[in-house]
Amino acid sequence: MESLDLVVRNGTVVSASDTMACDVGVRDGRIVALAQDLPRGKREIDASERLVLPGGIDSHCHIEQHSSFGVMCADDFRSGTISAAFGGTTTIIPFAAQHRGQSLREVVEDYHARATPKAVTDYAFHLIISDPTEQVLGQELPALIRDGYTSFKVYMTYDLLRLDDYQMLDVLDVARREQAMVMVHAENHDVIRWFSRRLLDRGHRLPRYHAVSHPRIAEGEATGRAINLAELIDVPLLIVHVSAEEAIDAIRDARRRGLRIYGETCPQYLFLTAKDLDRDGMEGAKYCCSPPPRDEAAQEAVWRGLEDGTFEVFSSDHAPYRFDESGKLAKGPNAAFKDIANGVPGIELRLPLLFSEGVGGGRIDLNRFVALTATNAARLYGLYPRKGSIMVGADADIAIWNPEREVEVSADMLHDNVGYTPYEGRTVRGWPETVLIRGRTVIDDGNLEVEPGSGEFLPCAPPERARPLGRTAPEIDPARNWHADLRG
Ligand code: URP
Ligand code: ZN
Ligand code: ZN
């Protein structure tokens with residue numbers, strides 16, 4: 001055998017389907033051998049009593065993004081990716097976000113300029129489509145999909161981002177034709193607006209009313225509507241950051257009907273509740289995100305969705321805003337709930353939290369942990385088999401976990417630029433101690449070993465799972481097949 005650059009020796013290697021005691025041989029940044037007793041490599045890492053997992057893929061995070069609230073994320077591509085890497089994540093897929101009036105192509109160029117000199121992990125981009133003009137839908141979006149930006153997010157709420165159902169049908173139609181994966185922020189805009197107005201009229205301004213104004217039925221209704229629109233167009237869809245049982249049920253039901261509807265959830269829906277928004281004074285602003293954390297019953301429903309396969313991915317939705325005038329409190333120290341920047345941080349703790357409570361707590365096994373945090377995202381977004389699994393031919397993106405290491409979480413130990421963590425004081429068991437990207441050691445026992453700019457851009461292939469099923473919605477007369485004729 002040609003000599004190996006690196007051997008990760010004596011570990012327990014875990015993929016989405018298998019767990020095996022073997023060494024991992026790496027050459028030229030790729031995994032070239034998985035076997036016991038591999039010959040000595042130029043470099044050796046002893047992984048005895050350690051778990052050798054694929055590096056995580058965080059397929060929903062906001063980095064160096066200017067939000068529709070008018071504030072800049074606290075993390076740029078340097079701090080955001082360093083924080084990701086310390087938490088065992090080796091690839092991120094943040095958003096290149098279009099604001100109305102902007103050219104999508106220029107937006108993408110802009111995000112590349114931000115990421116190239118700073119990223120330490122590899123990265124791809126989802127697009128955010130907020131202005132689906134003829135030019136965007138007819139030219140820019142199809143061309144970008146072909147260039148490797150094969151997924152995009154649309155919003156059913158937020159004044160400056162939302163699409164109406166007509167526009168949703170338009171973008172779904174492009175996704176079908178070009179085989180892109182559509183991600184949907186599903187909440188009923190008018191329900192939120194209506195409750196917000198009533199609450200404010202009655203003088204209810206505190207952060208806790210953010211949760212009141214985003215009822216779970218609004219999430220369930222919009223999720224069901226998005227699924228219906230996807231069924232009409234015959235296109236797969238992923239509902240992001242799911243928190244409500246009604247939404248989980250809608251996804252589960254669609255999957256039972258054979259539709260390619262996928263679901264994503266996040267740590268905040270397992271570990272926080274609406275009570276966190278009810279902390280003293282403005283403290284609750286730290287926990288304001290959309291959809292909001294709900295109650296213990298909803299947490300339990302989210303766990304069940306992770307266990308039974310309703311959820312395909314577990315992402316952070318890291319939306320980092322400092323608790324000051326640059327972020328959460330940009331509209332004043334006593335801003336009303338609807339003027340608080342939405343989002344919570346979580347890029348570094350996503351994997352340790354799920355490992356500790358999910359695997360350690362006996363709710364999911366290690367293989368499902370790997371599927372939820374790496375492999376499925378690679379498959380959904382066209383990065384598989386290069387990313388997301390430990391197998392011959394894949395990039396040597398590896399997180400070596402000490403499953404026994406206990407860590408007490410505090411904002412001080414994290415590497416993001418947020419200044420607080422919603423998980424302060426929690427103890428997690430299991431921590432990624434060594435992190436490799438393309439065979440290079442990026443993190444070694446608490447130290448960053450690479451320079452900003454070492455991360456690479458990853459163009460995404462059209463995802464297999466974005467293929468339409470070739471179905472006609474049931475109420476359409478198949479003999480006429482109007483439905484199929486009217487699609488693009
Ligand atoms: O509250 C959240 N989730 N903020 C981030 C923006 C988004 O909608 O994903
Ligand atoms: Zn969203
Ligand atoms: Zn988000």
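Which residue has its charged end over the ring of tyrosine 384? The residue is arginine 379, whose charged end sits 4.1 Å from the centre of that ring; a charge sits over a ring if NZ of Lys or CZ of Arg is within 6 Å of the ring centre and within 35 degrees of the ring normal. Lysine 153 likewise lies over the face of phenylalanine 95, at 5.5 Å from the ring centre.

This is a predicted model, in which local features need pLDDT of at least 70 and side-chain atom pairs count only at pLDDT 80 or more, while totals for chains, interfaces and linings use all residues. Residues are numbered from 1 along each chain as its sequence is written, chains are lettered from A and ligands numbered from 1 in the order in which they are written, and side-chain values use heavy atoms, with hydrogens and water left out.

**Aromatic pairs**

The whole structure holds 15 aromatic pairs, a pair being rings of Phe, Tyr and Trp (its six-membered ring) with centres within 6.5 Å, where planes under 30 degrees apart count as stacked, over 60 as edge-to-face and the rest as tilted. Two of these pairs are set out below.

| Pair | Centre distance | Plane angle |
|---|---|---|
| Phenylalanine 69 and tyrosine 158 | 6.1 Å | 80° |
| Phenylalanine 77 and phenylalanine 125 | 6.1 Å | 80° |

Because its planes stand at 80°, the pair of phenylalanine 69 and tyrosine 158 is edge-to-face. Phenylalanine 69 and tyrosine 158 are both buried, that is, under 20% relative accessible area, with exposed meaning over 50% and partly exposed in between (1.4 Å probe, protein chains only). Phenylalanine 77 and phenylalanine 125 are buried as well, and ring pairs link them with Tyr111, Tyr123, Tyr149 and Phe457 into a cluster.

**Threonine 157**

Threonine 157 has 4% relative accessibility and therefore counts as buried. Leaving aside neighbours within four places in sequence, threonine 157 is in contact (heavy atoms within 4.5 Å) with Arg162, His185, Glu187, His189 and Ile192. The side chains of threonine 157 and histidine 189 are joined by a polar contact of 2.9 Å, meaning a pair of N or O atoms within 3.5 Å; within protein, one must be able to donate a hydrogen and the other to accept it, and residues adjacent in sequence count only if both atoms are side-chain atoms.

**Ligand 1**

Ligand 1 is surrounded by 13 residues (each with a heavy atom within 4 Å), and the closest are His62, Lys153, His185, Ser290 and Asp317. A polar side-chain atom of histidine 185 lies 3.0 Å from an oxygen atom of ligand 1.
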